[in-house]
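This briefing gathers notes on metal coordination, on one helix and on one strand, for a reader who has the sequence and the model at hand. Please read the points below alongside the structure.

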Amino acid sequence: MAVITLRQSVMAEDEKYAARIRQAMSERGTLLINVIGSPGCGKTTLLEETRERNKGAFSFGVVEGDLETSRDAERLAQRGIPAVQINTKGACHLEAHVVEKALASLPDRLDVIFIENVGNLVCPAEFDLGEDFKVAVSSVPEGEDKPIKYPSLFAQAEAVLLTKTDLLPYTRFDVDAFTRDVRTLNPSAPLIALDLLGAGAHMDDWVEFVARRLREKRDGQALLGVG
Ligand SMILES: Nc1nc2c(ncn2[C@@H]2O[C@H](COP(=O)(O)OP(=O)(O)OP(=O)(O)O)[C@@H](O)[C@H]2O)c(=O)[nH]1
Ligand SMILES: [Mg+2]
Ligand SMILES: [Zn+2]
(Lines give C-alpha, C1' and ligand atoms only; values in the text may rest on other atoms or scores of the structure.)
(Ligands and ions follow the chains in the order given, each with its own letter.)
Protein backbone atom coordinates (compact mmCIF):
# COMPACT_ATOMS: atom_id res chain seq x y z
CA MET A 1 0.00 0.00 0.00
CA ALA A 2 2.81 2.40 0.86
CA VAL A 3 4.20 1.90 -2.63
CA ILE A 4 0.91 2.87 -4.20
CA THR A 5 0.69 6.02 -2.09
CA LEU A 6 4.20 7.07 -3.05
CA ARG A 7 3.53 6.52 -6.75
CA GLN A 8 0.36 8.59 -6.55
CA SER A 9 2.10 11.46 -4.81
CA VAL A 10 4.99 11.42 -7.31
CA MET A 11 2.52 11.53 -10.18
CA ALA A 12 0.54 14.34 -8.56
CA GLU A 13 3.76 16.35 -8.12
CA ASP A 14 4.62 15.73 -11.76
CA GLU A 15 1.22 17.01 -12.88
CA LYS A 16 2.28 20.46 -11.64
CA TYR A 17 5.31 20.38 -13.92
CA ALA A 18 3.15 19.16 -16.80
CA ALA A 19 0.74 22.05 -16.28
CA ARG A 20 3.65 24.50 -16.26
CA ILE A 21 5.01 23.08 -19.52
CA ARG A 22 1.55 23.34 -21.10
CA GLN A 23 1.32 26.98 -20.06
CA ALA A 24 4.82 27.78 -21.39
CA MET A 25 4.10 26.08 -24.74
CA SER A 26 0.82 27.93 -25.00
CA GLU A 27 2.61 31.25 -24.46
CA ARG A 28 5.18 30.36 -27.13
CA GLY A 29 2.53 29.06 -29.53
CA THR A 30 4.52 25.82 -29.81
CA LEU A 31 2.86 22.45 -30.45
CA LEU A 32 4.31 19.76 -28.16
CA ILE A 33 3.97 16.15 -29.34
CA ASN A 34 4.89 13.11 -27.23
CA VAL A 35 6.05 10.30 -29.56
CA ILE A 36 5.78 6.83 -28.01
CA GLY A 37 6.66 3.38 -29.39
CA SER A 38 8.77 0.26 -28.82
CA PRO A 39 12.58 0.27 -28.99
CA GLY A 40 13.62 0.44 -32.64
CA CYS A 41 10.15 1.04 -34.10
CA GLY A 42 11.51 4.03 -36.05
CA LYS A 43 10.86 7.08 -33.85
CA THR A 44 14.17 8.81 -34.58
CA THR A 45 13.99 7.87 -38.27
CA LEU A 46 10.51 9.41 -38.39
CA LEU A 47 11.90 12.69 -37.04
CA GLU A 48 14.86 12.62 -39.45
CA GLU A 49 12.52 12.05 -42.37
CA THR A 50 10.10 14.70 -41.14
CA ARG A 51 12.95 17.17 -41.51
CA GLU A 52 13.68 15.98 -45.04
CA ARG A 53 10.08 16.07 -46.19
CA ASN A 54 8.25 18.85 -44.38
CA LYS A 55 9.37 21.45 -46.96
CA GLY A 56 9.51 24.16 -44.32
CA ALA A 57 5.86 23.64 -43.32
CA PHE A 58 6.95 24.04 -39.68
CA SER A 59 10.19 24.41 -37.75
CA PHE A 60 10.83 21.83 -35.04
CA GLY A 61 13.13 20.67 -32.29
CA VAL A 62 13.33 17.43 -30.34
CA VAL A 63 13.66 16.35 -26.73
CA GLU A 64 15.23 12.88 -26.84
CA GLY A 65 14.70 10.37 -24.04
CA ASP A 66 16.94 7.31 -23.71
CA LEU A 67 18.35 5.32 -20.82
CA GLU A 68 21.92 5.96 -21.97
CA THR A 69 23.89 7.66 -24.79
CA SER A 70 23.20 10.78 -26.81
CA ARG A 71 23.15 8.89 -30.11
CA ASP A 72 19.64 9.93 -31.12
CA ALA A 73 20.24 13.62 -30.35
CA GLU A 74 23.48 13.41 -32.35
CA ARG A 75 21.67 11.83 -35.32
CA LEU A 76 19.17 14.68 -35.31
CA ALA A 77 21.83 17.37 -34.84
CA GLN A 78 23.59 16.04 -37.94
CA ARG A 79 20.44 16.89 -39.88
CA GLY A 80 20.41 20.40 -38.42
CA ILE A 81 17.53 19.64 -36.04
CA PRO A 82 17.86 21.32 -32.60
CA ALA A 83 17.87 18.41 -30.16
CA VAL A 84 18.51 17.90 -26.47
CA GLN A 85 19.16 14.49 -24.94
CA ILE A 86 17.84 13.25 -21.62
CA ASN A 87 19.46 10.13 -20.15
CA THR A 88 17.08 8.49 -17.70
CA LYS A 89 19.80 6.18 -16.29
CA GLY A 90 17.54 3.18 -16.10
CA ALA A 91 14.08 4.76 -15.92
CA CYS A 92 11.78 3.39 -18.60
CA HIS A 93 9.79 6.58 -19.29
CA LEU A 94 10.19 10.37 -19.21
CA GLU A 95 8.71 12.54 -16.47
CA ALA A 96 7.63 16.15 -16.73
CA HIS A 97 10.16 17.67 -14.31
CA VAL A 98 13.05 16.42 -16.48
CA VAL A 99 11.35 17.43 -19.72
CA GLU A 100 10.84 20.96 -18.40
CA LYS A 101 14.59 21.35 -17.86
CA ALA A 102 15.36 19.94 -21.31
CA LEU A 103 12.87 22.28 -23.02
CA ALA A 104 14.74 25.25 -21.59
CA SER A 105 17.76 24.41 -23.75
CA LEU A 106 15.86 24.39 -27.05
CA PRO A 107 15.40 27.61 -29.07
CA ASP A 108 12.29 29.62 -28.06
CA ARG A 109 10.87 30.12 -31.52
CA LEU A 110 10.01 26.63 -32.72
CA ASP A 111 6.65 25.79 -34.24
CA VAL A 112 6.72 22.21 -33.00
CA ILE A 113 8.68 20.26 -30.40
CA PHE A 114 8.63 16.47 -30.52
CA ILE A 115 9.45 14.50 -27.40
CA GLU A 116 10.85 11.10 -28.36
CA ASN A 117 9.95 9.08 -25.30
CA VAL A 118 11.96 6.10 -24.06
CA GLY A 119 11.28 3.06 -26.28
CA ASN A 120 8.47 1.39 -24.35
CA LEU A 121 4.76 0.81 -25.02
CA VAL A 122 3.74 0.66 -21.36
CA CYS A 123 4.40 3.42 -18.81
CA PRO A 124 5.18 6.36 -21.16
CA ALA A 125 1.46 6.25 -21.95
CA GLU A 126 0.62 6.97 -18.30
CA PHE A 127 2.77 10.09 -17.79
CA ASP A 128 1.61 13.55 -18.75
CA LEU A 129 4.56 15.58 -20.04
CA GLY A 130 2.52 18.69 -20.74
CA GLU A 131 2.16 17.65 -24.37
CA ASP A 132 -0.69 18.67 -26.65
CA PHE A 133 -1.14 15.01 -27.54
CA LYS A 134 0.55 11.64 -27.82
CA VAL A 135 1.40 9.82 -31.06
CA ALA A 136 1.74 6.02 -31.09
CA VAL A 137 4.34 4.45 -33.39
CA SER A 138 4.16 0.73 -34.13
CA SER A 139 6.29 -1.12 -36.68
CA VAL A 140 5.42 -4.08 -38.89
CA PRO A 141 8.01 -6.52 -37.41
CA GLU A 142 6.48 -6.09 -33.93
CA GLY A 143 3.31 -7.83 -35.11
CA GLU A 144 -0.27 -6.68 -35.57
CA ASP A 145 -1.31 -7.47 -32.00
CA LYS A 146 0.47 -4.58 -30.27
CA PRO A 147 -2.57 -2.26 -30.05
CA ILE A 148 -4.75 -4.90 -28.41
CA LYS A 149 -1.96 -5.96 -26.02
CA TYR A 150 -0.95 -2.40 -25.06
CA PRO A 151 -4.31 -0.65 -25.34
CA SER A 152 -3.70 2.39 -23.16
CA LEU A 153 -1.29 4.06 -25.58
CA PHE A 154 -3.32 3.29 -28.69
CA ALA A 155 -6.57 4.45 -27.10
CA GLN A 156 -5.09 7.83 -26.11
CA ALA A 157 -2.98 8.55 -29.17
CA GLU A 158 -4.23 11.29 -31.48
CA ALA A 159 -2.41 9.67 -34.42
CA VAL A 160 -1.23 6.09 -34.92
CA LEU A 161 1.73 5.52 -37.24
CA LEU A 162 2.53 2.10 -38.70
CA THR A 163 6.18 2.10 -39.80
CA LYS A 164 8.32 -0.35 -41.81
CA THR A 165 5.50 -1.17 -44.22
CA ASP A 166 8.24 -2.11 -46.73
CA LEU A 167 8.70 -5.26 -44.60
CA LEU A 168 5.10 -6.43 -45.06
CA PRO A 169 6.04 -9.03 -47.75
CA TYR A 170 8.48 -10.69 -45.33
CA THR A 171 6.16 -11.06 -42.33
CA ARG A 172 2.70 -12.40 -41.56
CA PHE A 173 1.57 -9.00 -40.35
CA ASP A 174 -2.22 -8.76 -40.71
CA VAL A 175 -2.97 -5.17 -41.74
CA ASP A 176 -6.75 -5.65 -41.46
CA ALA A 177 -6.50 -6.97 -37.88
CA PHE A 178 -4.17 -4.10 -36.91
CA THR A 179 -6.55 -1.56 -38.42
CA ARG A 180 -9.61 -3.15 -36.82
CA ASP A 181 -8.02 -3.20 -33.34
CA VAL A 182 -6.82 0.40 -33.61
CA ARG A 183 -10.30 1.47 -34.73
CA THR A 184 -11.95 -0.43 -31.85
CA LEU A 185 -9.69 1.29 -29.32
CA ASN A 186 -9.65 4.62 -31.04
CA PRO A 187 -12.27 5.36 -33.69
CA SER A 188 -11.01 8.79 -34.74
CA ALA A 189 -7.19 9.02 -34.72
CA PRO A 190 -5.61 9.17 -38.17
CA LEU A 191 -3.83 5.90 -38.97
CA ILE A 192 -0.84 6.56 -41.24
CA ALA A 193 1.24 3.80 -42.85
CA LEU A 194 4.88 4.78 -43.45
CA ASP A 195 7.85 3.32 -45.28
CA LEU A 196 10.47 5.57 -43.73
CA LEU A 197 13.50 4.33 -45.65
CA GLY A 198 11.88 4.04 -49.04
CA ALA A 199 9.55 6.15 -51.11
CA GLY A 200 8.10 7.73 -48.00
CA ALA A 201 4.52 6.96 -49.00
CA HIS A 202 2.09 8.90 -46.82
CA MET A 203 4.81 11.07 -45.31
CA ASP A 204 2.83 14.03 -46.67
CA ASP A 205 -0.18 12.89 -44.62
CA TRP A 206 1.96 12.95 -41.46
CA VAL A 207 3.42 16.37 -42.24
CA GLU A 208 -0.04 17.72 -43.06
CA PHE A 209 -1.46 16.26 -39.84
CA VAL A 210 1.19 18.03 -37.73
CA ALA A 211 0.80 21.29 -39.67
CA ARG A 212 -2.99 21.17 -39.23
CA ARG A 213 -2.77 20.57 -35.49
CA LEU A 214 -0.31 23.50 -35.22
CA ARG A 215 -2.74 25.76 -37.12
CA GLU A 216 -5.63 24.62 -34.93
CA LYS A 217 -3.68 25.30 -31.75
CA ARG A 218 -2.75 28.79 -32.89
CA ASP A 219 -6.23 29.58 -34.20
CA GLY A 220 -7.69 28.44 -30.88
CA GLN A 221 -5.27 30.67 -28.99
CA ALA A 222 -6.08 33.64 -31.20
CA LEU A 223 -9.78 33.17 -30.45
CA LEU A 224 -9.03 33.05 -26.72
CA GLY A 225 -6.64 36.00 -26.97
CA VAL A 226 -3.61 34.09 -25.66
CA GLY A 227 -0.22 33.18 -27.10
N1 LIG B 1 12.82 -1.41 -43.22
C2 LIG B 1 12.60 -0.31 -42.47
N3 LIG B 1 13.46 -0.01 -41.49
C4 LIG B 1 13.21 1.10 -40.77
C5 LIG B 1 12.09 1.95 -41.00
N6 LIG B 1 12.12 2.94 -40.10
C7 LIG B 1 13.20 2.75 -39.33
N8 LIG B 1 13.88 1.64 -39.73
C9 LIG B 1 15.11 1.08 -39.15
O10 LIG B 1 14.81 0.62 -37.84
C11 LIG B 1 15.96 0.78 -37.01
C12 LIG B 1 15.57 1.54 -35.75
O13 LIG B 1 15.18 2.87 -36.12
P14 LIG B 1 15.20 4.08 -35.12
O15 LIG B 1 14.62 5.24 -35.81
O16 LIG B 1 16.54 4.23 -34.51
O17 LIG B 1 14.20 3.54 -34.00
P18 LIG B 1 13.79 4.22 -32.61
O19 LIG B 1 12.35 3.93 -32.40
O20 LIG B 1 14.20 5.65 -32.60
O21 LIG B 1 14.68 3.37 -31.58
P22 LIG B 1 14.98 3.69 -30.02
O23 LIG B 1 15.23 5.17 -29.90
O24 LIG B 1 16.19 2.88 -29.73
O25 LIG B 1 13.76 3.24 -29.27
C26 LIG B 1 17.00 1.50 -37.83
O27 LIG B 1 17.92 0.53 -38.33
C28 LIG B 1 16.19 2.13 -38.95
O29 LIG B 1 16.95 2.32 -40.13
C30 LIG B 1 11.20 1.59 -42.08
O31 LIG B 1 10.16 2.24 -42.36
N32 LIG B 1 11.51 0.46 -42.77
MG1 LIG C 1 15.32 6.69 -31.21
ZN1 LIG D 1 8.51 3.47 -16.93
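His93 and Cys123 are both buried in this predicted model, and these two residues belong, together with Cys92, to the protein donors of the zinc ion (ligand 3). A second metal, the magnesium ion (ligand 2), is coordinated by Thr44, Asp72 and Glu116, and of these Asp72 and Glu116 are likewise buried.

**Zinc site**
- The zinc ion (ligand 3) is bound through the SG atoms of Cys92 and Cys123 and through ND1 of His93, with these donors lying 2.0 to 2.2 Å from the metal.
- Because His93 sits in the loop between β3 (83–87) and α4 (96–103) while Cys123 sits in the loop between β4 (112–116) and β5 (133–139), the pair ties together parts that are 30 residues apart in sequence.
- Along the chain, the donor residues of the zinc ion follow the spacing C-H-x29-C.

**Magnesium site**
- The magnesium ion (ligand 2) is held at 2.1 to 2.2 Å by OG1 of Thr44, OD of Asp72 and OE of Glu116.
- Its donors are spaced T-x27-D-x43-E in sequence, and the pair formed by Asp72 in helix α3 (residues 71–78) and Glu116 in strand β4 links distant parts of the chain, 44 residues apart.

**Helix α7**
- Ala177, Phe178, Asp181 and Val182 are the buried residues of helix α7 (residues 175–185), and they lie on the same side of α7 because they cover an arc of only 130° around the axis.
- These buried residues pack against β5, α5 (146–149), β6 (159–163) and β7 (191–193), whereas the face turned away from the buried side carries the exposed residues Asp176, Arg180 and Thr184.
- At the start of α7, the backbone nitrogen of Asp176 has a side-chain oxygen of Asp174 within 3.1 Å.

**Strand β5 and its partners**
- Strand β5, one of the elements against which the buried residues of α7 pack, is mostly covered, with 7 of its 7 residues buried.
- In a regular strand the side chains alternate between the two faces of the sheet.
- In β5 both faces are covered, since buried residues are found on one side as Phe133, Val135, Val137 and Ser139 and on the other as Lys134, Ala136 and Ser138.
- Strand β1 (residues 31–37) pairs with β5 in the parallel sense over 5 bridges, and in this pairing Asn34 stands opposite Lys134.
- The pairing of β5 with β6 is also parallel and runs over 5 bridges, with Val160 in β6 as the bridge partner of Ala136.

Methods:
Residues are numbered from 1 along each chain as its sequence is written. Chains are lettered from A and ligands numbered from 1 in the order in which they are written. This is a predicted model: local features need pLDDT of at least 70, side-chain atom pairs count only at pLDDT 80 or more; totals for chains, interfaces and linings use all residues. Side-chain values use heavy atoms; hydrogens and water are left out. Donors are N, O and S atoms within 2.8 Å of the metal (3.2 Å for Na, K and Ca); water is not among the atoms, so sites may look incomplete. Helices (H or I, at least four residues) and strands (E, at least two) are DSSP runs, numbered from the N terminus. Buried means under 20% relative accessible area, exposed over 50%, partly exposed in between (1.4 Å probe, protein chains only). The arc is that of the directions from the helix axis to the C-beta atoms. Contact means heavy atoms within 4.5 Å. A polar contact is a pair of N or O atoms within 3.5 Å; within protein, one must be able to donate a hydrogen and the other to accept it, and residues adjacent in sequence count only if both atoms are side-chain atoms. Two strands pair if DSSP finds at least two bridges between them.
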